[in-house]
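Please open the model in your viewer and keep the sequence panel visible. The tour proceeds by selection.

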Amino acid sequence: RTSMGYRVFWYYHLLGIALATVLLILHGTIRGFPITLCFIGGPVLLYLFDSLIPRVLFTFPADVLDLSAHEDGTTRVVKLVVRCPSFSYGPGQYAQVRVPEISFLEWHPFTIASAPNEAGEVTFFIKAAGPWTRRLYACASDPARNLRGGRLQIRGPYGAPAQNFAIHRHIVVVGAGIGVTPLVSVWKHLVNTASVAVDDQADPRRCSVVSADRAGGGASDSRLGAAGWRSSGAVALVESLTFAVLYFLMVLLLELTVVTVLIYDQKQESAALQMATSALSVLILSFKTMVALAARRGGVGLWLGGMSLDAGIIVCNVAAIIFFAVYLHDPSANDVPFYISLLLVLGVLHTLEVLL
């Protein structure tokens with residue numbers, strides 16, 4: 001009953017949000033121009049982009065290799081192992097799972113308990129705690145309903161705090177109950193990519209990790225200095241998807257403000273605001289480029305490959321600054337097609353930066 005009530009609540013609110021957006025656009029129409037789109041158009045497009053891309057590009061069919069039920073007192077856990085060679089993930093991440101035999105529409109998120117290098121196999125440990133997971137446990141317990149050999153869909157992977165373990169020099173792994181699943185993934189990854197030394201005189205069940213691959217490309221030196229780790233953290237920050245999305249939203253908000261000011265026929269103010277927006281963009285991307293270049297210590301080839309989009313955005317913004325400086329000096333020099341082309345190029349570059 002609770003599950004059905006939640007579905008009614010969820011779909012009712014989705015319908016309400018869609019209707020409210022349409023009514024808001026109609027309400028904000030001035031002189032036949034829907035000015036509300038200048039404020040909500042960008043966020044709505046970003047939301048649709050964020051909702052559609054995972055459904056189109058990151059949804060994969062998977063073969064069920066194992067579905068087994070385990071019980072320890074009052075705790076019931078399902079072990080689900082699927083094969084999906086095209087699904088790529090990192091240790092500590094999670095994915096969404098859809099089992100058509102249980103629900104055709106519902107997707108449920110679960111942490112991946114396997115390591116990335118396990119021959120295309122993805123393992124989940126799922127605690128039977130709700131209606132959907134209890135039905136999955138019932139399928140695993142009943143041989144006649146077991147899904148072994150069938151198919152389901154997984155979507156992802158999605159980021160989680162545990163996946164950032166590689167940027168730290170020392171990590172302490174503490175977990176209990178079903179919450180150990182991301183830690184199991186991290187530990188398996190460390191063991192699989194490490195050189196393990198076992199002392200014959202000691203307890204054979206105990207071992208120590210000598211060196212682990214923090215970047216996925218080879219053994220790492222555990223004696224890196226604090227400055228090196230701070231540099232790696234700075235690079236991880238400026239090259240993260242979070243940084244790219246926040247920068248994109250900042251630019252989008254400022255550009256919408258420029259367009260809004262221009263709608264009210266304030267051309268001089270709009271030009272000055274566009275120059276300030278472009279200058280801020282150049283400063284942020286220049287800082288990002290310098291951090292990445294300094295951390296790679298002369299890796300110019302890697303920098304040119306990874307930062308080409310940033311370089312293109314910087315060039316376009318410098319061109320915008322020059323264009324509007326000329327316009328403020330001589331308002332008669334108004335090359336609208338050039339400005340629109342510049343905005344289109346910037347929009348494409350910003351979108352590619354978020355995607356890649």
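The stops below lead through a sheet, a helix across it, some ring contacts and a further helix.

This is a predicted model, in which local features need pLDDT of at least 70 and side-chain atom pairs count only at pLDDT 80 or more, while totals for chains, interfaces and linings use all residues. Residues are numbered from 1 along each chain as its sequence is written, and side-chain values use heavy atoms, with hydrogens and water left out.

**The sheet**

Select strand E3, residues 59-72. Helices (H or I, at least four residues) and strands (E, at least two) are DSSP runs, numbered from the N terminus. Two strands pair if DSSP finds at least two bridges between them. E3 runs antiparallel to strand E8 (residues 151-158), and five bridges join them; Pro 61 stands opposite Gln 153 in E8.

Next, add strand E4, residues 75-83. Nine bridges join E4 to E3, again in the antiparallel sense, and Val 64 faces Val 82 in E4. The two strands form a hairpin with two residues between them. Which residue in the turn has a positive phi? Gly 73 does, at about 70 degrees.

Continue from E4 to E7, its antiparallel partner over seven bridges. Here Leu 80 stands opposite Phe 124 in E7.

Now show the open sheet of six strands, in the order E6-E5-E8-E3-E4-E7, with antiparallel pairing. Strands E6 (108-111) and E7 (121-127) stand at the edges with a single partner strand each, so one side of each is left without a neighbour in the sheet. Neighbouring strands are turned by 40 degrees against each other on average, direction ignored.

**The helix across the sheet**

Select helix H3, residues 131-141. H3 lies across E3, E4, E5 (94-98), E6 and E7 (contact means heavy atoms within 4.5 Å). H3 runs at about 80 degrees to E3 (axes are lines fitted to C-alpha atoms, for helices over the stretch in contact, and angles run from 0 to 180 degrees between N-to-C directions).

**Charges over rings**

Display Arg 76, which lies over the face of Tyr 137, at 4.8 Å from the ring centre. Then display Arg 98, placed over the face of Phe 104 at 4.8 Å from the ring centre. A charge sits over a ring if NZ of Lys or CZ of Arg is within 6 Å of the ring centre and within 35 degrees of the ring normal.

**A further helix**

Finally, select helix H9, residues 308-329. H9 has 22 residues and reaches 32 Å from its first C-alpha to its last, close to the 32 Å expected at 1.5 Å a residue (1.5 Å times one less than its number of residues).
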